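Let's walk through this protein together, from the overall picture down to single residues. Keep the sequence and the 3D view at hand as we go.

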Amino acid sequence: TNLATLNLSSASGTPGSAFTVTGSSFAAPSSGGIGASAATPVQLHWNSVTGSVLATVMPDQVGNISAAVKVPQAQPGFYTIVGTQTTKNGTNEYGTPARASFQVLSPGQRPVATANAFQAASFGSTSPSSTGVIALTVALGVAGLALFGAAAGAFARQTRRHRVPAAQKAEK
């Protein structure tokens, strides 16, 4: 019951360039037996669930897909690849549609961020912004420990002041 996902081999390209779309967690064909159902195809649309169809592909036995597509003629900018799959009665399969972002580039334009840049950010990039977040987290942790230590010390001193010596207790 996972949500369907799409992954692009490239997050940007010029009109006419090719890239691969892979996906997972689409409805897979049932395995044999009475009442077994065939999977319905996954359609990859350009920029909306009703956009032009870039490819139609059948999911494998575990719900994975893979299709080679070309960037359609489009103005430079940001677009969406949408993967749809419907049931036999025409409703959306659970967990669909799936989406992935794509940037159409003009010739010679550099992408805002590549797929590898997104992966680096997710898996231990040492960019200045993530380094700053780590330093702030460490500083706040140290400050928290210092406050805890100060409070524990104050509590211990307060407890010692209010103790009544055993000799005074015996006199009463």
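**A guided walk through the fold**

Among contacts in the protein between residues at least 6 apart in sequence, 61% join residues at least 24 apart. Please keep in mind that this is a predicted model. The protein contains three helices and eight strands, and if you read along the sequence you meet the pattern β-β-β-β-β-β-β-β-α-α-α. Of its 172 residues, 24% count as buried. The exposed area comes to about 11300 Å², with carbon and sulfur atoms supplying 59% of it.

Let's begin with the sheet that contains β1. It is an open sheet of three strands in the order β1-β3-β6, and the pairing is antiparallel. β1 (5-8) and β6 (65-70) are the edge strands, each pairing on one side only. On average, neighbouring strands of this sheet are turned by 25 degrees against each other, direction ignored.

Now look more closely at β1. Four bridges pair β1 with strand β3 (residues 18-24) in the antiparallel sense. To find the register in your viewer, start from T5, whose bridge partner in β3 is S24, and then move to N7, whose bridge partner in β3 is T22. Which side chains of β1 point to one face and are buried, and which point to the other and are not? L6 and L8 belong to the buried face, while T5 and N7 point the other way and are not buried.

T20 is a good place to see how β3 meets other parts of the chain. This residue lies in strand β3 and has a relative accessible area of 30%, so T20 is partly exposed. Leaving aside residues up to four places away in sequence, T20 touches N7, L8, S9, S66, A67 and A68. One of these, A67, is 47 residues away from T20 along the chain, yet the C-alpha atoms of the two are separated by 5.7 Å.

Next comes the other open sheet, this one of five strands, with the order β2-β8-β7-β4-β5 and mixed pairing. Its edge strands are β2 (12-13) and β5 (53-57), and each of them pairs on one side only. Starting from the β2 edge, two bridges join β2 to strand β8 (residues 98-104), and these two strands run parallel. S12 marks the spot: its bridge partner in β8 is Q103.

Further along the sheet you reach strand β4 (residues 42-46). Is β4 largely enclosed by the rest of the structure or open to the outside? Four of its five residues are buried, so β4 is largely enclosed. On one hand, β4 is joined by four bridges to strand β7 (residues 77-84), and the two run antiparallel; here W46 has I81 as its bridge partner in β7. On the other hand, β4 and β5 also pair in the antiparallel sense over four bridges, with H45 finding its bridge partner V53 in β5. β4 and β5 form a hairpin with six residues between them.

That hairpin turn brings us to some backbone details. Most residues other than glycine have a negative phi, and most peptide bonds are trans. N47, found in the loop between β4 and β5, has a positive phi of about 70 degrees although it is not a glycine. With a relative accessible area of 37%, N47 is partly exposed. S25 offers another case: its phi is positive, at about 65 degrees, and it is not a glycine either. You can find S25 in the loop between β3 and β4, where its relative accessibility of 24% makes it count as partly exposed.

The peptide bonds hold something to look at too. Where does a cis peptide bond join two residues? The bond is between T96 and P97, with omega at about 5 degrees, and P97 lies in the loop between β7 and β8.

Let's finish on a helix. I134, V138 and V142 together make a nonpolar surface patch of about 290 Å². To locate the patch, look for V138 in helix α2 (residues 128-161).

Terms used. Residues numbered from 1 in each chain as written. Predicted model: local features only at pLDDT ≥ 70, side-chain atom pairs only at ≥ 80, totals over all residues. Heavy atoms only, no water. Pairing = 2+ DSSP bridges. Axes fitted to C-alpha atoms, helices over the stretch in contact; angles between N-to-C directions. Patch = residues over 30% accessible without salt bridge, like charges linked within 9 Å, V, L, I, M, F, W, Y side chains within 5 Å. Areas by Shrake-Rupley, 256 points an atom, 1.4 Å probe, with all protein chains shown as cover. Salt bridge = Lys/Arg side-chain N within 4 Å of Asp/Glu carboxyl O. Buried < 20%, exposed > 50% of the residue type's maximum accessible area, 1.4 Å probe, protein only. Contact = heavy atoms within 4.5 Å.
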